[in-house]
Protein chains: 2
Amino acid sequence: MSKQELPVVDLNAVACCSPIAARPMDADQAALVAPLFKALGDPVRLRLMSMIASVPEICVCDLTPAFDLSGPTISHHLKLLREAGLVDSERRGTWVWYRAKPEAFRKLGALLDISAAPAAAA
Amino acid sequence: MSKQELPVVDLNAVACCSPIAARPMDADQAALVAPLFKALGDPVRLRLMSMIASVPEICVCDLTPAFDLSGPTISHHLKLLREAGLVDSERRGTWVWYRAKPEAFRKLGALLDISAAPAAAA
DNA sequence: TCCTTGCCTAGATGTTTATCGAAGCAAGAC
DNA sequence: GTCTTGCTTCGATAAACATCTAGGCAAGGA
């Protein structure tokens, strides 16, 4: 549960380099980055992510009631966000708290910088 | 094939507003934005997207050989990118050419701006 | 101690997705 | 006209995914 559980996605290896539009991405980097986008590619996870990123930290008990879904389903989505390296979780007493990992967002944002396109595409 | 085919995703409605971290995203907006991230959430599509965005335009005939996949499979992924509003295609004579739609990237990038977080999350 | 609460994991199920081969269609060559 | 080439669509299949219920475990209160 705590951050000792190694994330599946190593953020230092991911999105470390050039924007999508700077040069064709090689297969290895694509395989590292795609899971990050995939994690955000579900409406439930996107809302969870937004709720988490909008505050310094938030308890699962405040996330679950915002959805018409069972607790285990929310837990499943949170696990995917954790494995993608987008959030961190920590148990404090009874509750588990989630926090966004801003460096992941910075890297993803840099990847989408289309102004890096070498030609008229921008 | 041509741009007369309405994109499934209306970019004017999508990602039009505030960054993920600015405030909790409502379900409607999440449903509009998630398909964009989902489209980028596959390694093949991410590489295709990068190849397309790296040049002003590119022919399918230059995209397909870069992958160990059949033509129909590449065509399928390109269709998803088209439906997400991330690329445009145009047939010119024998070949079909693809171009990136930079406004989609600008909007996605703005969404990931974590510096918009209201609190210490950044 | 036992009970309750909060959250996660395990297992099952229906849906979606990635992939292929076959077939179709448009454009150009002959 | 026919043939070839480039790309798409169609139909099928296997893998991945979202969701649920059931069960488990840790923390706190009685």
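Start by selecting the hairpin of chain B, in which β2(B) and β3(B) are joined with two residues between them, and where B:Gly93 in the turn has a positive phi of about 65 degrees. Helices and strands here are DSSP runs, with H or I over at least four residues for a helix and E over at least two for a strand, numbered from the N terminus. The model is predicted, so local features need pLDDT of at least 70 and side-chain atom pairs count only at pLDDT 80 or more, whereas totals for chains, interfaces and linings use all residues. Residues are numbered from 1 along each chain as its sequence is written, while chains are lettered from A and ligands numbered from 1 in the order in which they are written.

**The sheet of chain B**

Keep the hairpin on screen and follow its two strands, β2(B) and β3(B), which pair in the antiparallel sense over six bridges; strands count as paired if DSSP finds at least two bridges between them. One bridge to pick out is that of B:Glu90, whose partner in β3(B) is B:Trp97.

Now add β1(B), which runs antiparallel to β3(B) and is joined to it by two bridges. Here B:Ile58 has B:Tyr98 of β3(B) as its bridge partner. With these strands selected you have an open sheet of three strands in the order β1-β3-β2 of chain B, with antiparallel pairing. Its edge strands are β1 (58-59) and β2 (87-92) of chain B, each of which pairs on one side only.

Next select α2(B), which lies across β1, β2 and β3 of chain B and runs at about 90 degrees to β3(B). This angle is taken between N-to-C directions on a scale from 0 to 180 degrees, with axes fitted as lines to C-alpha atoms, for helices over the stretch in contact.

**Where the two chains meet**

Show both chains and look at the contact, which takes 42 residues from chain B and 42 residues from chain A; residues are in contact if their C-beta atoms, placed from the backbone, lie within 7 Å. On the side of chain B that touches chain A, at least two residues each come from α1 (27-40), α2 (43-53), β3 and α5 (102-111) of chain B. Of these, α1(B) gives the most, with eight residues. By class, this side of chain B has 31 nonpolar, four polar and seven charged residues, where Ala, Val, Leu, Ile, Met, Phe, Trp, Tyr, Cys and Pro count as nonpolar, Asp, Glu, Lys and Arg as charged, and the others, Gly among them, as polar.

How are the two chains related? A rotation of 180 degrees with 0.0 Å of shift along its axis superposes chain B on chain A, with an RMSD of 0.0 Å. That is the relation of a two-fold axis. The superposition is by least squares on the C-alpha atoms of residues with pLDDT of at least 70 in both copies. Because 100% of the interface residues of chain B are also interface residues in chain A, the copies meet through the same surface.

**Around the DNA strands**

Select DNA strand D and the 25 residues around it, of which A:Thr73, A:Gly93, B:Cys61, B:Pro72 and B:Ser75 come nearest; a residue is near a strand if its C-beta atom, placed from the backbone, lies within 6 Å of it. The element that gives the most to this surface is α4(B), with six residues. The surface near DNA strand D divides into 11 nonpolar, 12 polar and two charged residues.

Move on to DNA strand C, which has 23 residues around it, with A:Cys61, A:Pro72, B:Pro72, B:Thr73 and B:Gly93 coming nearest. Here the largest share of the surface, five residues, comes from α4(A).

**A last stop in chain A**

Finally, show chain A by itself, with its five helices and three strands, whose order from the N terminus on is α-α-β-α-α-β-β-α. Select A:Val33, which is found in helix α1 (residues 27-40) of chain A. Is A:Val33 buried or exposed? A:Val33 is buried, with 27 other C-beta atoms within 10 Å; the class of buried residues begins at 20 or more such atoms, exposed ones have 12 or fewer, partly exposed ones lie in between, and C-beta atoms are placed from the backbone. Then add A:Leu111, which is 78 residues from A:Val33 in sequence and 9.4 Å from it in space, C-alpha to C-alpha.

Definitions and conventions. Two residues are in contact if their C-beta atoms, placed from the backbone, lie within 7 Å.
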